[in-house]
Amino acid sequence: MQQEALSFLSSSFPSLHHNFPTLSRLRFHNFPALSFKPNTSSSSSSSSSLFKSPDIPSLSSTTTTTETLESSIHEKLIYLDSLGIDFLTLINRHPPLLSTALSAVESVVDYMTTPPINFTLQDFRRLVSMCPELLTSPLTSHTIPVITFLLREVGVDSIFDLRQALRRRPRLLACSVDHQLRPTLYFLQRIGILDPHKHTYLLSCSVEHKLVPRIDFFEKLGFSRRSATAMFKRFPQLFNYSIAENYEPKLNYLMVEMERDVREVLEFPQYFSFSLENRIKPRHEACAAKGVRFPLPVMLKTNEAGFRDTLEELGTLEASTFL
């Protein structure tokens with residue numbers, strides 16, 4: 001495993017050897033000899049600069065540097081392998097790990113896997129696989145401030161809840177508090193989401209590129225800004241869904257196939273959380289076959305047994321009768 005890793009590094013990151021040539025690769029004939037003749041004329045001072053000897057790296061120093069670098073990488077490989085972390089996969093995804101000091105990596109591991117944070121190694125491996133930046137981010141100036149922000153400003157209730165939040169969205173650990181997390185928190189609070197500790201998964205989202213465009217989408221459908229924003233306040237998970245892969249096909253089915261008013265989603269934005277193929281279509285088709293028209297919450301939220309029982313009881317009654 002270790003030999004395979006070193007071979008991989010040599011082939012995948014040739015700059016390691018280009019930048020630090022070993023003695024066997026460095027030849028004196030690579031540096032052409034220059035013949036210098038002192039010029040005692042008055043112009044000697046100005047012309048001598050043309051004949052300065054090139055800076056030739058010390059053979060011993062470059063060899064030592066290469067050996068030190070390879071030793072450092074080898075030590076990181078062994079250390080991460082002992083934790084069950086695939087070093088080769090990580091450096092492919094996040095090359096800065098190559099130049100990160102082993103002591104810095106160890107500090108992050110110790111902080112995240114010992115009390116009070118106390119992630120299990122299994123959980124930590126998952127965090128790293130989804131957020132390799134965790135191993136290269138400065139502990140005191142980045143990772144600890146993120147943890148502190150979640151606990152103090154977002155209001156995450158406990159270390160247990162903190163671990164749950166990070167398991168759900170490991171990318172939080174790669175975000176800057178000042179440039180990402182805090183601006184998003186302020187945006188969520190501004191639109192009326194006053195329990196952000198329940199929706200920490202949204203804090204890693206860009207306000208400009210993800211959150212605002214989703215509100216704009218519903219405004220373009222004809223909803224007022226206030227009504228569109230109220231949908232997301234009522235159901236913040238709506239921010240997580242794709243416009244092209246979720247909003248558009250489900251709205252199209254609602255209006256075209258189900259022949260319903262688009263305004264129904266204002267009162268029931270959870271509509272977008274149900275699978276179009278596995279829940280919405282089968283339930284609608286079952287209702288249509290019976291001549292029944294249920295309100296969206298009744299049609300979708302009821303479990304399968306309850307839904308079938310209700311269909312049988314109502315028969316061909318109209319939704320107005322049900323209501």
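# A guided tour of an all-helix chain

Residues 24 or more positions apart account for 65% of the contacts in the chain with a separation of 6 or more. Keep in mind that this is a predicted model.

**Whole chain.** Start with the cartoon view. The secondary structure comes to 18 helices and zero strands. Now colour by burial. Of the 323 residues, 39% count as buried. Switch on the surface. The accessible surface comes to about 17,900 Å², and 53% of that belongs to carbon and sulfur atoms.

**Helix H9.** Select residues 159-168, which form H9. Which residues are buried in H9? They are Leu162, Arg163, Ala165 and Leu166. Look down the axis of H9. The buried residues fall within an arc of 160°, so they line one face of the helix. The spacing fits a general rule. An α-helix has 3.6 residues a turn, so residues three or four places apart point the same way.

Next, show what that face meets. The buried residues of H9 pack against helix H6 (102-113), helix H7 (121-130) and helix H8 (139-152).

**The loop between H6 and H7.** Stay with two of those partners. Select proline 116, in the loop between H6 and H7. The peptide bond from proline 115 to proline 116 is cis, with omega near 5°. Asparagine 118 is also in the loop between H6 and H7. Its phi is near 60°, a positive value in a residue other than glycine. Both features go against the usual pattern: most residues other than glycine have a negative phi, and most peptide bonds are trans. Is asparagine 118 buried, partly exposed or exposed? At 39% relative accessibility, asparagine 118 counts as partly exposed.

**The nonpolar core.** Go back to Leu166 of H9, one of the buried residues there. Leu166 is also a hub. The largest nonpolar core has 84 residues, and Leu166, Phe218, Phe239, Tyr271 and Phe272 touch the most other members. Select these five together.

Then zoom in on phenylalanine 272. What does phenylalanine 272 touch, not counting residues up to four places away in sequence? Phe218, Met231, Leu238, Tyr241, Asn246, Tyr247, Lys250, Leu251 and Val265. Phe218 in that list is another of the five hubs.

**Helix H12.** Met231, a contact of phenylalanine 272, leads to the next stop. Select residues 225-234, helix H12. The buried residues of H12 are Ala228, Thr229, Met231 and Phe232. They cover an arc of only 145° around the axis, which puts them on the same side of H12. Show the neighbours too. The buried residues of H12 pack against helix H11 (207-220), helix H13 (243-257) and helix H14 (264-267).

**The loop between H13 and H14.** Two of those partners frame the next selection. Glutamate 259 lies in the loop between H13 and H14. Its phi is near 55°, a positive value in a residue other than glycine. Glutamate 259 counts as exposed, at 63% relative accessibility.

**Helix H15.** Select residues 276-290 for H15, and pick arginine 283 within it. Is arginine 283 buried or exposed? Arginine 283 is buried, with a relative accessible area of 2%. Display polar contacts. The backbone oxygen of methionine 299 lies 2.7 Å from a polar atom of the arginine 283 side chain. Leaving aside neighbours within four places in sequence, arginine 283 is in contact with Met299, Leu300, Thr302, Asn303, Glu304 and Phe307.

Step along to histidine 284, which also lies in H15. Histidine 284 is buried, with a relative accessible area of 16%. With neighbours within four places in sequence left aside, histidine 284 is in contact with Tyr253, Glu257, Met258 and Met299. Met299 is therefore in contact with arginine 283 and with histidine 284.

**The cysteines.** Last stop: select cysteines 131, 175 and 205 and show their sulfurs. How many disulfides does the structure hold? Zero. Why is there no bond from cysteine 175? Its sulfur is 7.9 Å from the closest cysteine sulfur, in cysteine 131, too far for a bond. A disulfide needs the two sulfur atoms within 2.5 Å. Cysteine 205 is in a similar position: its sulfur is 8.8 Å from the closest cysteine sulfur, in cysteine 175, again too far for a bond. Now check burial. Cysteine 175 is buried, at a relative accessible area of 11%. Cysteine 205 counts as buried as well, at 4% relative accessibility.

Technical notes
Residues are numbered from 1 along each chain as its sequence is written. This is a predicted model: local features need pLDDT of at least 70, side-chain atom pairs count only at pLDDT 80 or more; totals for chains, interfaces and linings use all residues. Side-chain values use heavy atoms; hydrogens and water are left out. Buried means under 20% relative accessible area, exposed over 50%, partly exposed in between (1.4 Å probe, protein chains only). Helices (H or I, at least four residues) and strands (E, at least two) are DSSP runs, numbered from the N terminus. The arc is that of the directions from the helix axis to the C-beta atoms. Contact means heavy atoms within 4.5 Å. A nonpolar core is a set of buried Ala, Val, Leu, Ile, Met, Phe, Trp, Tyr and Cys residues joined through side-chain atoms within 4.5 Å. Accessible areas come from the Shrake-Rupley method with a 1.4 Å probe; for residues, only the protein chains shown count as cover. A polar contact is a pair of N or O atoms within 3.5 Å; within protein, one must be able to donate a hydrogen and the other to accept it, and residues adjacent in sequence count only if both atoms are side-chain atoms.
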